[in-house]
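Me: I have a model open and would like to know what stands behind the labels people put on it. Could you take me through them?

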Number of protein chains: 2
Amino acid sequence: MLLSSCGAFLAPNQLGSSSIIAGPRLRAAIEPVRMMATAPKTVKIGIVGGGTVGGGIVEILARKKEFVTNSLGFDIQIVKIAVGNLNKKRDFAVPTGCVITADVMSVVKDPNIDMIVEVMGGTTLAKDVVFNSLKAGKSVVTANKALISAYLPELKALLAEVNAGKSGKDIVHFGFEAAVCGGIPIIHALQRDFLGDDITQLSGIINGCTNFMLSSMAAGGKSYKEALDEASALGYAEADPTLDVGGFDARSKLRIMMKLAFGINVNEDEIPCRGITEVTATDFEYAKLIGGTVKLLGIAKLDAPGSDRMSAFVSPCFVPSSSTLASVNDAINAVQITSTSLGSSTFVGRGAGRFPTANSCVSDIFGICEGSTSEPFPKTAPLSLKFRNSFTSAFYVRIRFRDGTGIIRSVGTAFANAGISIQSILQNPIKDKNDAMFVVMTDPADVSQVKAACVELEAQDWCLGNTFYMPVL
Amino acid sequence: MLLSSCGAFLAPNQLGSSSIIAGPRLRAAIEPVRMMATAPKTVKIGIVGGGTVGGGIVEILARKKEFVTNSLGFDIQIVKIAVGNLNKKRDFAVPTGCVITADVMSVVKDPNIDMIVEVMGGTTLAKDVVFNSLKAGKSVVTANKALISAYLPELKALLAEVNAGKSGKDIVHFGFEAAVCGGIPIIHALQRDFLGDDITQLSGIINGCTNFMLSSMAAGGKSYKEALDEASALGYAEADPTLDVGGFDARSKLRIMMKLAFGINVNEDEIPCRGITEVTATDFEYAKLIGGTVKLLGIAKLDAPGSDRMSAFVSPCFVPSSSTLASVNDAINAVQITSTSLGSSTFVGRGAGRFPTANSCVSDIFGICEGSTSEPFPKTAPLSLKFRNSFTSAFYVRIRFRDGTGIIRSVGTAFANAGISIQSILQNPIKDKNDAMFVVMTDPADVSQVKAACVELEAQDWCLGNTFYMPVL
């Protein structure tokens with residue numbers, strides 16, 4: 001009995017299986033699809049944008065042609081691709097019969113095209129492409145978060161208008177999985193899997209560039225500048241990284257997810273937003289001391305389950321090690337949802353890049369072919385739900401000071417005057433008495449109270465300014 | 001400038017916003033839905049099974065009635081619920097007009113019912129319910145993993161048969177999100193979001209009871225017996241916990257996900273399966289020493305990307321701390337997918353329980369109402385893809401021994417004879433020379449080689465048997 005005492009894996013004959021349900025033996029090379037189409041149905045698509053994502057879509061559709069024909073029952077033909085510069089060398093093989101054009105609207109107006117894939121970006125010409133395509137009865141797939149964030153109510157109204165009285169295969173679909181967190185299927189999950197649930201909080205690492213930078217600062221003790229240079233060298237940061245490091249890219253994504261999770265429309269600029277430019281190596285030292293790290297999070301939450309008040313913000317946050325989000329590093333994204341039925345659910349994956357983004361576009365293209373897309377913006381918040389331009393949280397406050405007597409008393413007074421209860425004060429050994437740091441951890445308070453405390457602190461002669469605060473997840 | 005030096009959040013007036021896109025101000029209490037239905041469409045459902053999950057579905061549908069009517073445009077009526085014992089007190093409010101019956105097939109045969117929700121469990125009567133409902137043209141939602149795992153090819157063939165020539169609203173849908181990992185929408189993701197991608201590996205913590213037990217053993221140094229008692233007391237373990245601790249529940253889920261991820265049908269009993277009964281506190285000591293922990297994983301993988309050979313198994317595994325799966329504790333489930341376009345994607349959430357499972361059923365019910373379900377089993381593996389009843393991995397091998405001379409030489413000989421390269425040998429301080437443990441970490445080898453090495457080891461007079469091995473993630 002040596003083998004069995006060694007914990008042998010069960011083999012079929014040991015189970016004495018008499019199963020008559022043959023698995024692989026019954027499997028044919030082509031199993032029947034649900035709809036048993038006799039011949040694959042042709043779907044003609046036009047792509048607006050022949051860059052990184054557009055090229056990725058062309059490549060994936062070429063790679064999957066046989067699967068799409070045999071298993072899904074569709075013959076997807078890319079008939080036109082609009083590009084900005086006809087003379088630029090393409091980094092993908094142009095499909096047979098596909099026309100490359102510089103005339104964007106010729107793609108939209110082509111009566112032979114059933115579906116438009118907008119991957120050009122921007123909110124001007126791209127808006128015309130998306131809106132005119134929908135008006136022309138063409139389904140649209142887009143990766144354009146800025147456009148959706150800016151024009152969400154108009155998009156929803158237009159979709160209702162063009163679909164009035166329509167059903168089944170006549171419905172004009174709108175797929176935008178690629179617009180938020182690249183390859184993470186968070187849009188589909190919010191459109192479908194949380195419809196019967198009540199979401200109370202959504203917290204996400206929703207910008208890859210800044211997560212790469214913060215992970216690099218946390219792991220390697222790099223400065224902000226070194227981390228940004230590294231992110232630029234690896235292609236994670238744009239030439240002008242403001243949208244990333246300023247938190248604005250994350251805010252657009254948060255605004256779209258807030259509509260899907262809570263049904264609420266909030267203008268982007270109503271959401272408090274702070275980027276990572278003030279985060280320093282010191283903050284990682286203190287975060288480690290408290291048992292956690294620093295992440296740029298977009299958070300939207302009800303004041304309490306069932307509450308009719310909610311808030312949202314983008315900010316660097318202290319994230320305790322016990323949170324799944326603390327272990328999400330590099331350019332990876334993650335969205336964590338707290339809800340009544342499901343408790344906590346987390347989706348982790350690549351938030352950007354050619355193939356993750358293209359993959360999300362392709363899954364929307366397939367969904368539209370199948371007619372299996374969900375209502376794009378299914379939730380509508382009750383009018384009673386109020387969004388407030390502020391938020392409550394426990395806070396981490398880092399204070400720069402010149403050493404002297406009475407500082408703790410002075411700090412105590414400033415926080416007490418602001419109505420904030422201090423949870424703890426942390427102080428690493430002082431290296432330079434004339435320029436040192438300490439950290440105050442507070443109990444939950446409104447951000448306006450923290451701002452007031454900072455104003456009072458900075459008025460003290462021992463305080464050297466550059467006070468930095470961040471919410472605690 | 002005290003306030004701005006304090007890192008003030010941007011307020012709308014500071015941005016000088018001139019946006020004319022009103023968000024909340026444009027929002028009406030009831031925004032138009034995509035299809036602009038004039039009156040909500042009535043959908044009559046029958047539920048088979050009035051227990052934990054069935055009751056949860058009734059509760060959620062009652063809670064969401066207004067949302068479903070106003071935002072989705074459906075009036076979902078539960079008209080019949082079949083229960084095993086008519087006299088048992090229900091733990092939910094029976095909807096007005098809903099008939100409670102003990103006659104299961106009367107629900108299936110009721111011509112007024114459009115959709116059947118099967119949450120009774122089992123593979124005999126439940127099989128009749130599901131198959132007969134589909135044959136009668138009724139869409140089906142089920143949480144029954146055992147049934148799907150056992151009859152997947154038959155279900156797929158039946159769906160193709162009943163949907164032959166059908167399209168649009170006539171399609172008979174089959175939703176089984178609830179059958180695998182309760183509240184994690186992994187079925188929908190595999191049915192839709194990975195269709196354009198090529199999955200190379202799927203690794204999951206897919207049984208809540210065992211993950212609770214292993215987390216408890218890891219954190220609290222509990223024995224297997226203590227952990228099982230705790231799991232039972234909290235309701236995570238069944239009266240007979242064999243299906244959980246033996247790995248068989250995880251294997252059913254893995255078999256279903258293998259069809260969705262790789263297109264392959266494999267009989268459950270062809271998948272090597274070992275549970276957690278042999279895992280001891282010692283394994284957690286060594287796992288910590290190496291920098292990781294022990295998790296029960298279900299893994300299915302191609303031998304290499306693009307390979308036409310694949311393997312799968314359920315086994316306790318050593319999981320390094322750097323893996324997201326290492327931080328998934330308690331009764332939480334997680335599925336990690338490695339794919340060509342997306343790299344690594346992880347879905348974390350509650351794998352069981354009344355409301356997580358009911359929520360997944362409800363999302364399928366809504367999807368069927370909307371007609372937005374995906375093809376249930378879209379992928380079909382090429383005939384060239386071969387499944388082999390074995391697998392390759394680096395291994396952790398724990399050996400129980402009586403101290404003496406020549407043991408390391410003997411161990412080296414046994415592994416060399418089996419063709420396995422040893423990576424390292426770990427030894428905590430020996431407390432009892434007559435009954436001690438050491439651990440061998442190997443380079444990648446086939447499990448059959450490890451078994452052979454164990455046979456040779458256990459034939460040595462210094463070896464006390466009970467050799468335990470597990471793959472390294």
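**What the labels rest on**

Reply: Happy to! Buried residues make up 53% of the 473 residues in chain A, where buried means that 20 or more other C-beta atoms, placed from the backbone, lie within 10 Å of the residue's own (12 or fewer is exposed, and in between is partly exposed). This is a predicted model, in which local features need pLDDT of at least 70 and side-chain atom pairs count only at pLDDT 80 or more, while totals for chains, interfaces and linings use all residues. Residues are numbered from 1 along each chain as its sequence is written, and chains are lettered from A and ligands numbered from 1 in the order in which they are written.

Me: What makes helix H8 of chain B largely enclosed?

Reply: Eight of the eight residues in H8(B), 186–193, meet the buried cut-off, so the rest of the structure largely encloses this helix. Among them are Ile186(B), Leu190(B) and Asp193(B). The cover includes helices H7 (186–193) and H13 (354–370) of chain A, along with H12 (248–262), E10 (332–339) and E11 (343–350) of chain B. Helices (H or I, at least four residues) and strands (E, at least two) are DSSP runs, numbered from the N terminus; chain A has 15 helices and 18 strands.

Me: Why are E3 and E6 of chain A called edge strands?

Reply: Strands pair if DSSP finds at least two bridges between them. The open sheet of six strands runs E3-E2-E1-E4-E5-E6 in chain A, with parallel pairing. E3 (99–101) and E6 (174–175) each pair on one side only, and they are the edge strands. E2 (74–82) and E3 of chain A share three bridges, which meets the two-bridge requirement; Lys80(A) is the bridge partner of Val99(A).

Me: How do you know that E14 and E16 of chain A pair, and in what sense?

Reply: E14 (395–401) and E16 (436–442) of chain A have six bridges in the antiparallel sense, against a requirement of at least two. One of the facing pairs is Arg400(A) with Met437(A). E15 (422–426) also pairs with E16(A) in the antiparallel sense, over four bridges, and Ile422(A) has Thr442(A) as its bridge partner.

Me: Why does Val117(A) get singled out in the largest nonpolar core?

Reply: A nonpolar core is a set of buried Ala, Val, Leu, Ile, Met, Phe, Trp, Tyr and Cys residues joined through C-beta atoms within 7 Å. Of the 282 residues in the largest one, Val117(A) is among those that touch the most other members, as are Cys361(A) and Ile365(A). Leaving aside neighbours within four places in sequence, Val117(A) is in contact with residues including Ile45(A), Val141(A), Cys361(A) and Ile365(A); contact means C-beta atoms, placed from the backbone, within 7 Å.

Me: Which domains does chain A have, and what makes up the side of domain 2 that touches domain 3?

Reply: The bounds come from an automatic or database domain assignment: domain 1 is 41–175, domain 2 is 189–348 + 375–388, and domain 3 is 392–471. Ten residues of domain 2 and nine residues of domain 3 take part in the contact. H12 (281–290) and E9 (309–320) of chain A each supply at least two residues to the domain 2 side, with the largest share, five residues, coming from H12(A).

Terms used. Contact = placed C-beta atoms within 7 Å.
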